[in-house]
Amino acid sequence: MIDWSGFGMSGGLKLQRTIGDNHRDLSVLMKEFDKDLPLFLYGHSMGSAIIISFLINNPKLKVAGVIASGPPLGMN
């Protein structure tokens, strides 16, 4: 469980991050996961948009499942 830098209660300049910054943070975090366990990603709101765009840019990444809660995708 993480809080993206610059969002929520985390440190960093508020709303000054790029999607690339968040993708790099997620890449670093994913190196800490146990490779022998199935990987499920959950993101809410901006977090879900970060996860979805990250997975689109990394189609070979082995992920068991994704939960995207309230992604800001511009759909009604």
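**Close-up views of a small α-β-α-β chain**

**View 1. The whole chain, element by element.** The protein chain has 2 helices and 2 strands (DSSP runs, H or I of at least four residues for helices and E of at least two for strands, numbered from the N terminus). Going along the sequence, they come in the order α-β-α-β. With a radius of gyration of 13 Å, close to the 11 Å from the globule rule for 76 residues, the chain is as compact as a globular protein of that length (C-alpha atoms are used, and the rule is 2.2 Å times the number of residues to the power 0.38). Its C-alpha atoms fit a box of roughly 35 × 30 × 20 Å along the principal axes. Keep in mind that this is a predicted model: local features need pLDDT of at least 70, side-chain atom pairs count only at pLDDT 80 or more, and totals for chains, interfaces and linings use all residues. Residues are numbered from 1 along each chain as its sequence is written, and side-chain values use heavy atoms, leaving out hydrogens and water.

**View 2. What is tucked away, and what touches what.** Of the 76 residues, 26% are buried (under 20% relative accessible area, with exposed meaning over 50% and partly exposed in between; 1.4 Å probe, protein chains only). Take the contacts (heavy atoms within 4.5 Å) between residues at least 6 apart in sequence: 48% of them link residues at least 24 apart.

**View 3. Helix H2 and its packing partners.** H2 runs over residues 46–57, and its 12 residues span 17 Å from first C-alpha to last, close to the expected 16 Å at 1.5 Å a residue (the expected span is 1.5 Å times one less than the number of residues). Its buried residues include Ile 50, Ile 51, Phe 54 and Leu 55, along with Gly 47 and Ala 49. The buried residues of H2 pack against helix H1 (19–30), strand E1 (40–44) and strand E2 (65–69).

**View 4. Asn 22, under cover in H1.** Asn 22 sits in helix H1. Its relative accessible area is just 3%, so Asn 22 counts as buried. Setting aside neighbours within four places in sequence, Asn 22 touches Trp 4, Phe 7, Arg 17 and Ile 50. That Ile 50 is also one of the buried residues of H2.

**View 5. Pro 72, past the last strand in the numbering.** Pro 72 belongs to the segment after E2. Beyond neighbours within four places in sequence, Pro 72 is in contact with Ser 45, Met 46, Ser 48 and Ala 49. Lys 14 lies 58 residues from Pro 72 in sequence and 18 Å away in space, C-alpha to C-alpha.
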